[in-house]
Amino acid sequence: MARLSPLMMAPPLIFAALAGMFLWGMGREDPDQLPSSFIGREAPALPVTTLPGKTRLTDEMLRQPGVKLVNFWASWCPPCRAEHPTLTALSAELPVYGVDLKDPEAQAIAFLDDHGDPFHAIATDPNGRGAIDWGVTAPPETFIIDGEGRVLYRFAGPLVREDYTNRFLPELEKARAAEGN
């Protein structure tokens, strides 16, 4: 009987491991959602800069009573432009805070002047360090924050169409019900 080399077993074992990982990934509840390690934890620190003439977003604002949103956006981001009307509508119902990501100051101000400013306060993140601290992969990303400054939900992508109504709104309604808003 021939002896089986350990190297001969490596390809089938690697294949089995990959197949198991793929099966696990396909079986997740929402395979399109990126998990966030901040859910249930206090929101990370915010950048300390803002746009001229705008109210600066502070960490203390995130700990004020009631549900609020933190939206990472940029004027150069087409999906951010697409979700802008949704943010404007939401800002009439609850505080919507913005973090302008890697955006030239003049372009950000021009964008808000042209399309309206839905943000109750703004922080700027010219180098993207704050986005890294929050786990943002690419704008737009929106976080639902509770009255104690904890992250309740992270939504990656624009707040538009079915994704907004089927994925984001139920989480926002759940957070508002828990807070009594």
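This is a short dialogue between a learner and a teacher about reading a predicted model.

Q: Let's start with the sheet. In what order do the five strands lie?

A: A sheet is read by walking across it, strand by strand. Here the walk goes β3-β2-β1-β4-β5, and the sheet is open, with mixed pairing. At the edges are β3 (121-125) and β5 (151-156), each of which pairs on one side only. From one strand to the next, the twist averages 20°.

Q: How do β4 and β5 run, and how many bridges join them?

A: For any two paired strands, look at their directions and at the bridges between them. Strand β4 (residues 141-145) and β5 run antiparallel, joined by five bridges. To find one on the model, start at Ile-145 and look across to Val-151 in β5, its bridge partner.

Q: Which strands does helix α3 lie across?

A: To place a helix against a sheet, ask what it crosses and at what angle. Helix α3 (residues 78-91) lies across β1 (68-73), β2 (96-101) and β4. Relative to β1, helix α3 runs at about 160°.

Q: Now for charged pairs. How many salt bridges does a search of the whole structure find?

A: The search finds ten. For each pair, look at the gap between the closest N and O atoms, then at where the two residues sit. Take Glu-141 and Arg-154: they form a salt bridge, with the closest N and O atoms 2.8 Å apart. Glu-141 is in strand β4 and Arg-154 in strand β5, 13 residues apart, and the pair links distant parts of the chain.

Q: Is Glu-141 buried or exposed?

A: Compare its relative accessibility with the cut-off: a residue under 20% is called buried. Glu-141 has 0% relative accessibility, so it counts as buried. Its partner Arg-154 also counts as buried, because its value is 4%.

Q: Where are the two residues of the Arg-176 and Glu-93 pair?

A: First the pair itself: Arg-176 forms a salt bridge with Glu-93, and their closest N and O atoms are 3.1 Å apart. Arg-176 belongs to helix α6 (residues 161-179), while Glu-93 lies in the loop between α3 and β2. The two are 83 residues apart, so this pair also links distant parts of the chain. Glu-93 counts as partly exposed because its relative accessibility is 49%.

Q: Which residues do salt bridges with shared partners join into one network?

A: When salt bridges have a partner in common, read them as a group. Here the group is Glu-42, Glu-60 and Arg-63. Within it, Glu-60 forms a salt bridge with Arg-63, with 3.9 Å between the closest N and O atoms. Glu-60 counts as exposed because its relative accessibility is 51%, whereas Arg-63 is partly exposed at 37%.

Q: What should I look for in the backbone?

A: Here is the general idea: most residues other than glycine have a negative phi, and most peptide bonds are trans. Now look for the exceptions. The peptide bond from Pro-139 to Pro-140 is cis, with omega near -5°. You will find Pro-140 in the loop between α5 (129-134) and β4.

Q: Where does Lys-102 lie, and what is its phi near?

A: Lys-102 is in the loop between β2 and α4 (105-115). Its phi is near 50°, a positive value in a residue other than glycine. Lys-102 is partly exposed, with a relative accessible area of 49%. Arg-161 is not a glycine either, and has a positive phi of about 50°. Arg-161 sits in helix α6 and is exposed, its relative accessible area being 64%.

Q: Which residues make the nonpolar surface patch?

A: A patch is read as a group of side chains on the surface. Leu-4, Met-8, Met-9 and Leu-13 make this one, which covers about 440 Å². Met-9 is part of helix α1 (residues 6-26), and its 39% relative accessibility makes it partly exposed.

Q: And to finish, which residues does Ser-75 touch?

A: When you list contacts, leave aside the neighbors in sequence. Not counting residues up to four places away, Ser-75 touches Arg-81, Asp-100, Asp-103, Gln-107, Ala-108 and Phe-111. Ser-75 lies in the loop between β1 and α3, and is buried, with a relative accessible area of 4%.

How values were computed: Residues are numbered from 1 along each chain as its sequence is written. This is a predicted model: local features need pLDDT of at least 70, side-chain atom pairs count only at pLDDT 80 or more; totals for chains, interfaces and linings use all residues. Side-chain values use heavy atoms; hydrogens and water are left out. Patches are made of residues with over 30% relative accessible area and no salt bridge: like charges are joined within 9 Å, nonpolar side chains (Val, Leu, Ile, Met, Phe, Trp, Tyr) within 5 Å. Accessible areas come from the Shrake-Rupley method with a 1.4 Å probe; for residues, only the protein chains shown count as cover. A salt bridge is a side-chain nitrogen of Lys or Arg within 4 Å of a carboxyl oxygen of Asp or Glu. Helices (H or I, at least four residues) and strands (E, at least two) are DSSP runs, numbered from the N terminus. Buried means under 20% relative accessible area, exposed over 50%, partly exposed in between (1.4 Å probe, protein chains only). Two strands pair if DSSP finds at least two bridges between them. Axes are lines fitted to C-alpha atoms, for helices over the stretch in contact, and angles run from 0 to 180 degrees between N-to-C directions. Contact means heavy atoms within 4.5 Å.
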